[in-house]
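Here is a colleague's note on the model, set out as numbered points. Please read it beside the coordinates.

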Amino acid sequence: MIRAIINGQQGEFSEGITVLAAAKQLGFDIPTLCNDDRLAPVGSCRMCLVEVKGSSSEVVSCKTLLFEGMEVETHGALTETARIWNLRMLAGNYPAEAFEAFPDKPFHKLASKYGLTEADFCGDKVVIDNSHTYIAVDMARCINCYACVRICADVQGQFVWHVLGRGEESQILPDSFGAFGDSTCVSCGACSDACPTGALEDKTVIERGFPTTWTKTTCPYCGTGCEMNVGVRDDRVVQVKPVMDAPVNYGHLCVKGRYAYDFVDANDRVTEPMIREDDGWKVVSWEEAISYAAHKLKEIDSEFGRDSIAVLGSARATNEQNYLAQKFTRVVLGTNNVDCCARVCHTPSAAAMKIMIGTGAMTNSFDDIEKAKTIILCGANPTENHPIPGARIKQAVIKNGTKLIVIDPRKTELTKYADVHLQLRPGTNILMFNALAYTIIDEGLTDSEFIRTRVTEYDEFRAFVAEYSPEAVAARCGVDAGLIRKAARIYATNTPSMAMHGLGMTEHLQGTEGVMSIVNLALLTGNIGKHGAGVNPLRGQNNVQGSAHMGCDPGILTGSVTIETGRELFESVWKQPVPTKAGLNQLQMIDAARDGKLKALWTIGYDVFLSNANAHETAKAFANMDLVIIQDFFMNETAKQFGHVFFPATTSFEKDGTFMNGERRVQRIRAAVSPRGNAKSDLEIICDLAAAMGFEKDFAFKTAEGVWDEVRAVWPPGYGITYERIEKAGIQWPCPDIDHPGTEVLHGESFSNGVAAALKRIKYRPTKEVVTDDFPFMLTTGRVLEQFNAGTMTMRTPNKELRPTDLLQMSKADSQRLSIADGEKVRLLSNYGEAVLPVEITNKVKTGELFASFHDPAVFLNYATG
């Protein structure tokens, strides 16, 4: 510890602390304009100058480290005078109108505090650049603190803002060297957030006013789980900002979390319960809707049996609501026919990892990105689909020299930074990973001690992969054998190595086995059970980890335990029997409905018809059901075509609860605005329907915390996670008691299913989806940065201006051969159906391969997928 005196007050401080931070620790507020906790200090604004005893001149406190015996004066007369003159100098070229109009901006507050008035501001107004969808640019208010330049480079890694010229002649321009809207900006909002003057400002606060209240909550989009502060004025969201000390995003957000919130008040938001009659949807009371649904469910149960009914939970709903959904299915309906969208997302990851190492979840934490020496990205495009981890990966490569291996059929943003890009042919994942495993063994790169103590069936596996040498599979993968060997060497030797994978691995014929092949690599090299390593699925939706973990899966109960294993505990808590007959998963539900065996489906926050591949088959199934209950914010495509009852639900901005992010972290969400119209939380709706079915006492929950406490009772590894403990920050499970800090890294000493794990011999099975003369292209699909999944939320925000519709990516060679122009609409025809969408000519895909997103219902790409 260091002892120092600041303004006559002695204190003890940690070594390496700056004078600015030390003063703050003692309660002294040193003014700053360019300082930002997310950035390395530069001291360019000179506002934080302080006097140090024995120093011939003042020093900038943001950069100067405290030393033993240091004596500091933070607000001496000379220093205060210098600050006033500095502020007057900045005010001399600054518009008075802005100073008067926005008194709460940091620069304006500081100027007022030091006695400046409107008369001190003499700058001219300039034309404001409103070309950007979300951010207004008023460079008359720029004081050249360069915070925008630095945060864009050092946090987002986008390098949009640049300083041109020197001294008084310098100016800050976007990389378009013109309109900001024409730049490469990804709309993360960091520059607007860091700007102390409003030279860069969110348009929403200009148009709607600044927030009067702030609520801390968690982002409703991808599985990263970024925490954010929601700013509200007149019961309307007007701004969202990142939580600075959040353990996942550290003061950063992407375009969706930062700006895509206007769906809350979209014009077509459904806020009244409805029942479909012969002439269309009719608004009814909640009592009528609940009573009608309960009567129909009882009727179908009586005629066709309990297994003719199913429930789908929601990756967008809270842990508490998903817990209630699966409890309703098992207790009220008496069936295990419950699932969620994880089935067509990362259930293959969970299954593969549970089989091999005992726990179907991310082994490590997002903080391990900075601790890894090598990162291998498998079938994932995180700068678009998980933008905050994506930015962290990019910065780890740029700043830390982390090695990066990308395995993806397309060129993504991160391939520009990759040491190796294995641009494999779609469908050859198993060949590729077996070849990597072969190389690691063949070149003697295994961790022999880890294999001796923690791995079994090594000899059998070595014999099995002998036929998968890089030279043997290179032609089928479409990748040079030398590149495969190079990637294997980097992963095995430049350790710790962290594997991260996405839906390119799981939404696949051999999805579960593909993830197993990644686990094989980690076991061979000892890259598991330690920081900077592991096998880490990038979960797609905000609570897809939680929805399945809460038991929205036909084969598991809350905590991912089998029904056989958990039945006794659950029955003791529920005071009701747990059904034992095998339930249907989501795809089996569709098949059963098509065959006339499933008669009713309650789908919560999940547009199944739009989301499922092969929409024609899904449509046949839904048309065959007697009762489809939709619970959502909007009249989604499933509801439009097939719904019989509509329950309007509240958004995550209107309710309390928890989400579970991809790294197993349970975090709070909190209501920031009031429920719209007569919308109710999923918790209220499920409990009301349970009561109408005769199970009121089993669902007598009034609060989300009350539900969570029951979750803790049936899930021992999560017992230590209480609402009180996660009030400030989330906790990662396992956390078995209230004194446990949570678990950052799994499998340190042993795996969840034993000390050692067996290597799995995964035989390659070619996909039946092959190109022919009639169908000469191979199509893959995925998400893009600006939109999210079925577009239910993002398509109802200004993000639609950034990405109006889905695009079909095509190589230049293919477009020239077919005489197709960029932006031209084409009819995409497959064995399954067709879709019409514009073409984007790009070098991101190989000749003969296509890529498209699936966000726009007007395109409905899944009519063309199998």
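1. Start with a helix on a sheet. This is a predicted model, and in it helix α10, residues 319-332, lies across β28 and β29. The helix runs at about 90° to β28.

2. The sheet under that helix comes next. It is open, has 3 strands, and follows the order β28-β29-β30. Its pairing is antiparallel. The edge strands are β28 (657-660) and β30 (731-732), and each of them pairs on one side only. Between β28 and β29 (residues 665-669) there are 4 bridges, in the antiparallel sense. For a register check, take Phe 659: Gln 667 in β29 stands opposite.

3. A second open sheet has 7 strands. Its order is β14-β13-β27-β26-β25-β15-β16, and the pairing is mixed. Which strands stand at the edges? They are β14 (280-283) and β16 (338-339); each has a single partner strand, so one side of each is left without a neighbour in the sheet. As background, strands of a sheet pair through backbone hydrogen bonds, either parallel or antiparallel.

4. The parallel part of this sheet can be checked at β25 and β26. Strand β25 (residues 600-604) and strand β26 (residues 627-632) run parallel and are joined by 5 bridges. Thr 603 has Ile 630 as its bridge partner in β26.

5. The antiparallel part can be checked at β13. Strand β13 (residues 274-277) pairs with β14 over 4 bridges in the antiparallel sense. The two strands form a hairpin, with 2 residues between them. Glu 277 stands opposite Gly 280 in β14. Arg 276 has Trp 281 in β14 as its bridge partner. Strand β13 also pairs with β27 (residues 645-648), again in the antiparallel sense, over 2 bridges. There, Met 274 has Phe 646 as its bridge partner in β27.

6. Now the second largest pocket. Its volume is about 1200 Å³. The lining has 33 residues; Thr 32, Asn 35, Pro 106, Lys 109 and Pro 196 lie nearest the centre. By class, the lining holds 17 nonpolar, 4 polar and 12 charged residues.

7. Which elements each supply at least two residues of that lining? They are α1 (19-25), α4 (106-113), α6 (190-194) and β12 (236-242). Helix α4 gives the most, with 4 residues.

8. Helix α4 also takes part in an aromatic pair. The count of aromatic pairs in the model comes to 26. In one of them, the rings of Phe 107 and Phe 121 have their centres 6.2 Å apart and their planes at 70°, so the pair is edge-to-face. Phe 107 lies in helix α4 and Phe 121 in the loop between α4 and β6 (135-137), so the pair ties together parts that are 14 residues apart in sequence. In general, a pair of aromatic rings is described by the distance of the centres and the angle of the planes.

9. Some backbone geometry deserves a look. Most residues other than glycine have a negative phi, and most peptide bonds are trans. Two cis bonds to inspect follow here. Thr 495 and Pro 496 are joined by a cis peptide bond, with omega about 5°. Pro 496 lies in the loop between α18 (481-493) and β21 (497-501). Trp 733 and Pro 734 are also joined by a cis peptide bond, with omega about 0°. Pro 734 sits in the loop between β30 and β31 (757-758). Strand β30 is the edge strand met in point 2.

10. Finally, what is the sign of phi at Asn 7? Phi is near 50°, a positive value in a residue other than glycine. Asn 7 is placed in the loop between β1 (2-6) and β2 (9-13).

How values were computed. Residues are numbered from 1 along each chain as its sequence is written. This is a predicted model: local features need pLDDT of at least 70, side-chain atom pairs count only at pLDDT 80 or more; totals for chains, interfaces and linings use all residues. Side-chain values use heavy atoms; hydrogens and water are left out. Two strands pair if DSSP finds at least two bridges between them. Contact means heavy atoms within 4.5 Å. Axes are lines fitted to C-alpha atoms, for helices over the stretch in contact, and angles run from 0 to 180 degrees between N-to-C directions. On a 1 Å grid over the protein atoms alone, a cavity is a set of points where a 1.4 Å probe fits but cannot get out, and a pocket is an open set with protein on both sides within 12 Å along at least five of seven lines; lining residues have an atom within 4 Å of a point. Grid points are joined across faces, edges and corners, and a volume is the space filled by probe spheres set on the points. Ala, Val, Leu, Ile, Met, Phe, Trp, Tyr, Cys and Pro count as nonpolar, Asp, Glu, Lys and Arg as charged, and the others, Gly among them, as polar. Rings of Phe, Tyr and Trp (its six-membered ring) pair if their centres lie within 6.5 Å; planes under 30 degrees apart count as stacked, over 60 as edge-to-face and the rest as tilted.
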